[in-house]
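Trainee: Could you go through this structure with me, one question at a time?

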Amino acid sequence: MNAETPVELIAPSFRLQRKMGGPATRMLTPEAYRKANAALEEVIPPIDDEVRRLLQELQDALQAKQAGGRDVMWNNAHEIRGLAGTVRKVTLGQAANLICHYLNDTASDFIPDQGVMQTIVVVAHQALREDADTDPMIKVLVQDGARAVLAQRHREGRD
């Protein structure tokens, strides 16, 4: 390399690397890397807003205790799990998966336990934070949620 050749330094995007499953800079040209990173960063806020909307709809269905509410909750949890995978928010996906696991094998008229569901919804809201996947306390919350789901399924005779 001679002294006149410009060198381009690109700050790593760890979110992009996690999404791609490896060091993104080795797989993409600098321009493609910048575009991919910009696109990913641009899509995160609307996805977070959609997750908040889905969580609110889930909470509304939980509090209403009406027929069909279980289906709204189950569908929303699956949607959140998919959105979490899109932006590689692991703990958010785990929280949504807890709801899915809790509601699996239940009928449409099932009324879920308020305490267990509220616990998981709180975890999901915390998992929206940018540092959630590296925060050890959120990992503990997810583990506590998993224990609560297992215990509640056992109390309901569904283990």
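Trainee: How are helix H3 and helix H4 oriented where they pack, roughly parallel or roughly antiparallel?

Mentor: Happy to help, and keep in mind that this is a predicted model. H3 covers residues 30-64 and H4 covers residues 69-86; their axes lie 9 Å apart, at an angle of about 165°. Angles over 145 degrees count as roughly antiparallel. Therefore H3 is, relative to H4, roughly antiparallel.

Trainee: Which class do 13 residues of the contact of H3 with H4 belong to?

Mentor: On the H3 side the contact includes Leu40, Ile47, Val51 and Leu54, and on the H4 side Val72, Met73, Ile80 and Leu83 are among the residues. The contact also has 3 polar and 3 charged residues. The class with 13 residues is nonpolar.

Trainee: How many charged residues are in the contact of H3 with H6?

Mentor: Helix H6 (residues 114-126) packs with H3 at an angle of about 170°, with 11 Å between the axes. Leu55, Leu58, Gln59, Leu62 and Gln63 of H3 meet Gln114, Met117, Gln118, Val121, Ala124 and His125 of H6. Sorted by class, 6 of these residues are nonpolar and 5 are polar, and the number of charged residues is none.

Trainee: Is lysine 89, which forms a salt bridge with aspartate 48, buried or exposed?

Mentor: In this salt bridge the closest N and O atoms are 2.8 Å apart. The pair links distant parts of the chain, since lysine 89 sits in the loop between H4 and helix H5 while aspartate 48 is in H3, 41 residues apart. Buried means under 20% relative accessible area. Aspartate 48, at 9%, is buried, and lysine 89, at 6%, is also buried.

Trainee: In the salt bridge of aspartate 105 and arginine 153, is arginine 153 buried or exposed?

Mentor: Their side chains meet at 3.8 Å, N to O. Aspartate 105 is in the loop between H5 and H6, and arginine 153 is in helix H7, 48 residues apart. Aspartate 105 has 70% relative accessibility and counts as exposed. Arginine 153 has 8%, so it counts as buried.

Trainee: What is the N to O distance in the salt bridge of arginine 129 and aspartate 135?

Mentor: Let's take the two partners in turn. Arginine 129 counts as partly exposed at 33% relative accessibility, whereas aspartate 135 is buried at 16%. Their side chains meet with an N to O distance of 2.6 Å.

Trainee: Which residues do salt bridges that share partners join into one network?

Mentor: A search of the whole structure finds 10 salt bridges. Those that share partners join three residues into one network: Glu50, Arg53 and Glu57.

Key:
Residues are numbered from 1 along each chain as its sequence is written. This is a predicted model: local features need pLDDT of at least 70, side-chain atom pairs count only at pLDDT 80 or more; totals for chains, interfaces and linings use all residues. Side-chain values use heavy atoms; hydrogens and water are left out. Axes are lines fitted to C-alpha atoms, for helices over the stretch in contact, and angles run from 0 to 180 degrees between N-to-C directions. Helices (H or I, at least four residues) and strands (E, at least two) are DSSP runs, numbered from the N terminus. Angles under 35 degrees count as roughly parallel, over 145 as roughly antiparallel, 65 to 115 as roughly perpendicular and the rest as oblique. Contact means heavy atoms within 4.5 Å. Ala, Val, Leu, Ile, Met, Phe, Trp, Tyr, Cys and Pro count as nonpolar, Asp, Glu, Lys and Arg as charged, and the others, Gly among them, as polar. A salt bridge is a side-chain nitrogen of Lys or Arg within 4 Å of a carboxyl oxygen of Asp or Glu. Buried means under 20% relative accessible area, exposed over 50%, partly exposed in between (1.4 Å probe, protein chains only).
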